[in-house]
Amino acid sequence: TLEAWYMAVEVKDQTAENRLCPNQPVTKEEIADLGVLSWHVPPTGEYPAKAVPWNPSDIPDPVLAAVRTKRGYNYADIITCSEECLPDYHNKLKDFFKEHIHSDEEVRYIIKGSGYFDVRDRADRWIRIKLDAGDLIVLPEGIYHRFTMDSRNFTQAMRLFKGEPVWTPINRPADENLSRQRYLERFSALE
Ligand code: KMT
Ligand code: NI
């Protein structure tokens with residue numbers, strides 16, 4: 001199952017674990033309270049280096065296919081983060097690690113390798129979520145987040161989307177953004 005922790009305030013190497021000392025773990029439930037959903041679906045079968053499996057029956061894993069159908073992800077492709085496979089590699093890595101939101105969910109299924117998604121909690125502290133092969137994560141629309149590879153420096157992931165994909169990051173500050181407002185509204189009922 002997926003591991004998460006509060007991050008050290010000072011980050012020198014983004015690919016390092018950057019834990020607090022002592023470690024301050026964050027549970028799957030605490031992450032779910034922020035709207036971040038996760039599943040573990042061990043990868044079976046072979047995924048092509050680049051694929052657009054529109055039809056859930058094309059997906060080797062029935063659990064993944066079920067999540068996809070249930071949540072309406074009718075678009076999928078595969079992104080491989082490596083110097084060879086990712087065009088404009090260095091700039092992309094920089095952009096992935098800039099704090100941003102999206103106007104849609106960010107859905108990633110790790111096929112090979114590993115990496116970290118960092119998300120802000122309600123007090124604006126960074127939580128680092130470690131993803132390994134088989135981890136499927138849904139970041140809600142409007143949550144401040146960023147992505148980095150870890151020291152192994154390799155991540156291959158399936159990107160899932162509802163409808164025509166939009167990957168555009170909206171960098172922080174984005175507090176006036178509609179998606180940001182919508183994200184914060186989910187907490188207002190609790191106060
Ligand atoms: C993103 O939008 O941050 C990415 O696609 C990162 C690579 S997929 C784990
Ligand atoms: Ni993003």
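**Exercise 1. Work out how the shell around ligand 1 divides into nonpolar, polar and charged residues in this predicted model.**

Step 1. Begin by listing the shell: the residues around ligand 1 are Ile79, Cys81, Phe96, Glu106, Arg108, Gly115, Phe147, Thr155 and Ala157.

Step 2. Next, ask which elements supply two or more of these residues, and the answer is strand 4 (75-81), strand 6 (106-120) and strand 10 (155-161). Strand 6 gives the largest share of the shell, with 3 residues.

Step 3. Sorting the shell by class then yields 5 nonpolar, 2 polar and 2 charged residues.

**Exercise 2. Find where UniProt places the feature "binding site", and how far its positions spread in space.**

Step 1. The unreviewed UniProt entry places this feature at His100, His102, Glu106 and His145.

Step 2. Along the sequence these positions are spread over 46 residues, yet in space they cluster, with a largest C-alpha distance of 11.3 Å.

Step 3. One of the annotated positions, Glu106, also appears in the list of residues around ligand 1.

**Exercise 3. Decide whether histidine 102 is buried or exposed, and describe its surroundings.**

Step 1. Locate the residue: histidine 102 lies in the loop between strand 5 (100-101) and strand 6.

Step 2. A residue is called buried if 20 or more other C-beta atoms lie within 10 Å of its own. Histidine 102 has 20 C-beta neighbours inside 10 Å and therefore counts as buried.

Step 3. Setting aside residues up to four places away in sequence, histidine 102 touches Glu141, Pro169 and Ile170.

**Exercise 4. Carry out the same steps for histidine 145: is it buried or exposed, and which residues is it in contact with?**

Step 1. Histidine 145 belongs to strand 9, which covers residues 145-148.

Step 2. There are 24 other C-beta atoms within 10 Å of histidine 145, so this residue is buried.

Step 3. When neighbours within four places in sequence are left aside, histidine 145 is in contact with Phe117, Asp118, Val119 and Leu139.

**Exercise 5. Describe the chain as a whole, and explain why it can be called as compact as a globular protein of its length.**

Step 1. The secondary structure comes to 4 helices and 11 strands.

Step 2. The radius of gyration is 16 Å, close to the 16 Å that the globule rule gives for 191 residues, so the chain is as compact as a globular protein of that length.

Step 3. Taken along the principal axes, the C-alpha atoms fill a box of roughly 40 × 35 × 30 Å.

Step 4. Of the 191 residues in the chain, 26% are buried. Among contacts between residues at least 6 apart in sequence, 73% join residues at least 24 apart.

Conventions: Residues numbered from 1 in each chain as written. Chains lettered and ligands numbered in written order. Predicted model: local features only at pLDDT ≥ 70, side-chain atom pairs only at ≥ 80, totals over all residues. Rg over C-alpha atoms; globule rule 2.2 N^0.38 Å. Buried ≥ 20, exposed ≤ 12 C-beta atoms within 10 Å, placed from the backbone. Contact = placed C-beta atoms within 7 Å. Near = placed C-beta within 6 Å. Nonpolar A, V, L, I, M, F, W, Y, C, P; charged D, E, K, R; others polar. UniProt positions renumbered as here; feature names shortened; annotations may be inferred.
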